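I opened my notebook to look up a few aromatic rings and some backbone angles. My notes follow the display.

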Amino acid sequence: MTGTLWGISLGPGDPGLITRAAWDALQRRDAVWVYPARSGKTSSYALDIVRRAGLAPPDDHTLLLFPMTHDGDKLARAWLKAAETVLPWLRAGRDVLFLVEGDASTYATFGHLARTVSALDAAVPVRVIAGVNAFTAACAHVPVPFAEQDDTVAIVPAAYGVGAVDRLLSDFDTLVLLKVKPLLDELIAWLERRDLLAGAHFIERVGAPDERRFDGRDILALRGTKVSYLSLLIVKHPHRIRGERIKGCLKKSGPQPIDLETA
């Protein structure tokens, strides 16, 4: 029997947002912990969340490198090395818990590891424990609703550029912009130009002890400054003109529901 590769979602930074299911998994002493870092010189943010929760790693635990680069060859080599690190444990029948901040299925490094492991050994089961996303935690901290009633929401890496983000304004009431660090000054200028600052919220390292938040025009103070990679923007778009909505579950021209009492 092979062990199972688990994606253990820890939430974005506050140990109090670790779910009951993830907490129970972290109590196991028979499993192996692995956790990502950008380089051997940087600490693992995921491991830091667990340590702040008061949990110590088991005897077998190791850091896996997931470099911050767009070089496809370097990424493929890193993913392969990570997979080859965990496979001996899995093939020996031990479960491997991959610790990941936020939710393991949302823009997370776990997906790269899981796909690579499955490509090397399709017999390895892969499971995920769901977690709290950074953007829902950020909305709770502001607080603003993530979405209400029939609001439309777009979750977009800002790396696609301001032009791509701007094209979403006509269709979405809330924009969640992730990975804003490289384009922050351009995004701030766009918020000003589009008169969106009043409904904008910048949140960095949400839930961590060094969390920072800037709302509305206070965001202008971030121009020319360095921010963490773990930063996002929530943009509420009060000026959007909505099209006609279809009322109810069926289209107006569609078949009428059957009345079971008279049928």
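Is Tyr 107 buried, partly exposed or exposed? I looked this up in the model, which is predicted, and found that Tyr 107 is partly exposed, with a relative accessible area of 45%. Tyr 107 lies in the loop between S4 and helix H4 (110–120), and its phi is near 50 degrees, a positive value in a residue other than glycine. I noted beside this that most residues other than glycine have a negative phi, and that most peptide bonds are trans.

Next I turned to the loop between H5 and S6, where I found Gln 149. Phi of Gln 149 is also positive, near 50 degrees, and the residue is exposed, with a relative accessible area of 83%. For Pro 143, I noted a place in the loop between helix H5 (134–141) and strand S6 (153–157), and I saw that the peptide bond leading to Pro 143 from Val 142 is cis, with omega near -10 degrees.

Then I went through the rings, and I counted four aromatic pairs. In one of them, Phe 66 and Phe 98, the ring centres are 5.8 Å apart and the planes stand at 80 degrees, so I entered the pair as edge-to-face. Because Phe 66 lies in the loop between strand S3 (61–65) and helix H3 (72–91), while Phe 98 belongs to strand S4 (residues 96–100), the pair ties together parts that are 32 residues apart in sequence. I recorded both Phe 66 and Phe 98 as buried, and I added that ring pairs link these two with Phe 110 into a cluster.

Note on methods. Residues are numbered from 1 along each chain as its sequence is written. This is a predicted model: local features need pLDDT of at least 70, side-chain atom pairs count only at pLDDT 80 or more; totals for chains, interfaces and linings use all residues. Side-chain values use heavy atoms; hydrogens and water are left out. Rings of Phe, Tyr and Trp (its six-membered ring) pair if their centres lie within 6.5 Å; planes under 30 degrees apart count as stacked, over 60 as edge-to-face and the rest as tilted. Helices (H or I, at least four residues) and strands (E, at least two) are DSSP runs, numbered from the N terminus. Buried means under 20% relative accessible area, exposed over 50%, partly exposed in between (1.4 Å probe, protein chains only).
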